[in-house]
Amino acid sequence: QVQLVEAGGGLVQAGDSLRLSCAASGRAFSNYARGWFRQSPGKEREFVAAINWSGGSTYYKDSVKGRFTISRDNAKNLVYLQMLSLKPEDTAVYYCAAGLRFTTAQAMSIRGLYDYWGQGTQVTVSS
């Protein structure tokens with residue numbers, strides 16, 4: 001059974017940092033691109049960051065560039081999202097995803113192209 005399990009969310013103050021992790025199991029994900037998305041109440045799930053299978057290509061939502069960093073450890077089937085200088089508008093449930101159907105870095109931002117999703121972890125940033 002394929003599973004993606006996020007961890008590391010929590011309640012922090014503006015300016016703080018958090019590192020999310022996503023553990024994959026049930027199959028080998030070393031050749032999958034991995035992405036992070038987030039969803040706030042009343043809003044659609046939006047792209048945050050993604051990384052290709054090798055880690056050599058990344059793509060970010062403009063508003064998180066310079067603050068968030070995505071990385072992966074294929075030996076451990078893990079992907080991380082390091083979040084610095086958090087803002088109240090970063091508050092959301094964060095989901096990790098995995099997919100194969102990408103031909104460009106920008107394509108990794110397309111939610112519908114991902115095949116597997118986690119259940120999400122809540123990140124709350126207070127002002």
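A salt bridge here is a side-chain nitrogen of Lys or Arg within 4 Å of a carboxyl oxygen of Asp or Glu. In this predicted model, Asp 90 and Arg 67 fit that description, with their closest N and O atoms 2.8 Å apart. Asp 90 sits in the loop between strand 8 and strand 9, while Arg 67 belongs to the loop between strand 6 (58-60) and strand 7, so this contact ties together parts of the chain that are 23 residues apart in sequence. Buried or exposed? Both Asp 90 and Arg 67 turn out to be buried.

Asp 90 doesn't stop at one partner. A salt bridge also runs from Asp 90 to Arg 38, where the closest N and O atoms are 3.0 Å apart. That pair links distant parts of the chain as well: Asp 90 is in the loop between strand 8 and strand 9, Arg 38 is in strand 4 (residues 33-39), and 52 residues separate them. With a relative accessibility of just 1%, Asp 90 falls under the 20% cut-off and so counts as buried.

Arg 38, in turn, picks up Glu 46 in a salt bridge whose closest N and O atoms are 2.7 Å apart. The two ends of this pair get different labels: Arg 38 has 5% relative accessibility and therefore counts as buried, whereas Glu 46, at 27%, counts as partly exposed. Put together, Arg 38, Glu 46, Lys 61, Arg 67 and Asp 90 are linked in a network of salt bridges. The total for the model comes to 6 salt bridges.

Now for the sulfurs. How many disulfides does a search of the whole structure find? There is 1, and it joins Cys 22 to Cys 96 with an S to S distance of 1.9 Å. Cys 22 lies in strand 3 (residues 18-25) and Cys 96 in strand 9 (residues 92-99), so to speak distant parts of the chain, 74 residues apart. The torsion about the S-S bond of Cys 22 and Cys 96 is about 45 degrees, which means the disulfide is right-handed. Both cysteines, Cys 22 and Cys 96, are buried.

Strand 3 also takes part in an open sheet, where 4 strands line up in the order 1-3-8-7 with antiparallel pairing. Strand 1 (3-7) and strand 7 (68-73) are at the edges, and each has a single partner strand, so one side of each is left without a neighbour in the sheet. On average, neighbouring strands of this sheet are turned by 15 degrees against each other, direction ignored. For edge strand 7, the partner is strand 8 (residues 78-83), antiparallel to it and joined by 6 bridges. Within that pairing, Arg 72 stands opposite Val 79 in strand 8.

Methods
Residues are numbered from 1 along each chain as its sequence is written. This is a predicted model: local features need pLDDT of at least 70, side-chain atom pairs count only at pLDDT 80 or more; totals for chains, interfaces and linings use all residues. Side-chain values use heavy atoms; hydrogens and water are left out. Two strands pair if DSSP finds at least two bridges between them. Helices (H or I, at least four residues) and strands (E, at least two) are DSSP runs, numbered from the N terminus. Axes are lines fitted to C-alpha atoms, for helices over the stretch in contact, and angles run from 0 to 180 degrees between N-to-C directions. A disulfide is a pair of cysteine sulfur atoms within 2.5 Å. Buried means under 20% relative accessible area, exposed over 50%, partly exposed in between (1.4 Å probe, protein chains only).
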